[in-house]
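Okay, thanks for having me, everyone. Have a look at the picture on the screen while I talk you through it.

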Amino acid sequence: MAPIARPDTRMPAPSERPERTGFGVPLDGAILERARRGDTTAFAAIYSLYGRACYNLALRMLAEPAAAEDVVQDVFIKLMEGLRGFRGDAPFGAWLKRMAANAAVDRLRARRAFDGEDFDESTGAFAVDDAPADARVDAWTLLMRLSPRARAVLVLHELEGYTHRELGEMFGQSESFSKSVLHRTLQRLGRAEPDASADTGS
Amino acid sequence: MNRDDEPVAAPDVLHALPEFPLPAALWPNILATFARRRRRRRAAAAGFGVAATIALALVAYRAGPAAPDAVAGMQHESLVLQHRWRAGAQPASPWPAELRRVDASLQLAYDRGAETAEITALWQRRNDLLRILIASQDDALAVTRL
């Protein structure tokens with residue numbers, strides 16, 4: 001199996017992670033206004049609030065640190081070039097998350113990661129089911145063993161809270177496509193779930 | 001409910017995924033890229049402005065000098081035709097009335113600063129008249145010879 005790209009990891013304690021991802025943090029209206037006026041320090045503040053969430057979302061979907069950095073860069077440059085797309089009818093974090101998710105999906109599409117892929121075969125190719133029963137497979141490794149499509153659906157639905165309908169739109173597929181991919185992915189993960197003590201590093 | 005609709009719980013391990021820190025160099029890189037793109041856009045905008053100015057100047061140059069050149073060419077042709085007509089006419093022949101009207105129109109046009117197109121058309125008309133006069137001289141000569 002090809003080596004799995006894995007950036008330097010620092011597993012924060014649960015107390016450091018009050019929520020699943022950082023997109024739920026509200027943005028101060030004053031920062032938003034300054035950003036609308038093109039104030040770079042306001043963009044730096046937005047980056048410190050949401051940059052990490054963007055990076056982790058992209059990294060989980062793309063499995064490549066360099067590609068995840070590119071996604072964060074694309075998202076924040078778009079942000080700095082104009083906040084016109086943000087109408088304020090949804091929380092800023094949700095809007096930004098959608099930008100990051102779309103940018104990651106676009107990259108997967110550009111890599112043709114979705115084309116002609118048979119999910120069952122590609123997942124099988126990573127041999128999750130064939131792993132020895134006592135294999136110490138941590139959460140990250142488990143995620144990286146999924147096909148790009150399965151990984152993207154899993155991350156966006158289970159971790160980021162997108163509905164199947166939203167995922168169908170995002171991937172240019174039907175709602176049932178997302179349901180089907182997720183169902184099979186979860187079934188396989190359920191069979192391959194590691195010993196909890198092995199994947200936290202604690 | 002088909003097989004894919006049966007709910008399958010997400011394994012707890014998913015919620016134990018590590019949160020990776022942002023690479024330290026990423027924000028400075030983003031700022032640098034943004035600044036570079038902004039400079040490029042400004043340069044492109046400035047370049048477009050310069051290109052537009054040059055294009056306008058070229059159009060003006062071509063439209064400007066070209067028309068007086070055309071008029072000058074017609075004036076020269078008119079002098080040649082006039083000389084030819086004079087050479088074939090009786091010494092005391094009066095200046096044809098039609099030519100006098102065209103000349104008066106030309107003078108008026110120059111006096112009021114008329115458009116080049118109008119002046120060109122008048123010179124063209126003058127030359128056409130001179131060609132007709134020369135042609136009629138040639139015809140008369142032919143008749144005399146016969």
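Let's start with a small one: in which segment of chain A does Gly22(A) lie? It lies in the segment before helix H1, and that helix covers 29-36 of chain A. Keep in mind that this is a predicted model.

So what does Gly22(A) touch, if we don't count residues up to four places away in sequence? Leu49(A), Tyr50(A) and Ala53(A). Also, the C-alpha atoms of Gly22(A) and Gly93(A) are separated by 8.0 Å, and those two residues are 71 apart along the chain.

Okay, zooming out to chain A. You'll find 10 helices and 0 strands there. Of its 202 residues, 50% count as buried. And if you take contacts in chain A between residues at least 6 apart in sequence, 69% of them join residues at least 24 apart. On the outside, chain A exposes about 9500 Å², with carbon and sulfur atoms supplying 48% of that.

Now the inside. The largest nonpolar core has 69 residues, and the ones with the most contacts inside it are Ile46(A), Phe76(A), Phe92(A) and Leu156(A). Which helix gives the largest share of this core? That's helix H2 of chain A, residues 40-62, with 13 residues.

Let's pick Phe76(A) from that group. Leaving aside neighbours within four places in sequence, its contacts include Ile46(A), Tyr50(A) and Leu96(A), plus Trp27(B) and Ile30(B) over in chain B.

Last thing: there's a second, separate core of 10 residues, and among them are Leu99(B), Leu130(B), Leu133(B) and Ile134(B).

Technical notes
Residues numbered from 1 in each chain as written. Chains lettered and ligands numbered in written order. Predicted model: local features only at pLDDT ≥ 70, side-chain atom pairs only at ≥ 80, totals over all residues. Heavy atoms only, no water. Core = buried A, V, L, I, M, F, W, Y, C linked by side-chain atoms within 4.5 Å. Buried < 20%, exposed > 50% of the residue type's maximum accessible area, 1.4 Å probe, protein only. Helix = DSSP H or I, 4+ residues; strand = E, 2+ residues; numbered from the N terminus. Contact = heavy atoms within 4.5 Å. Areas by Shrake-Rupley, 256 points an atom, 1.4 Å probe, with all protein chains shown as cover.
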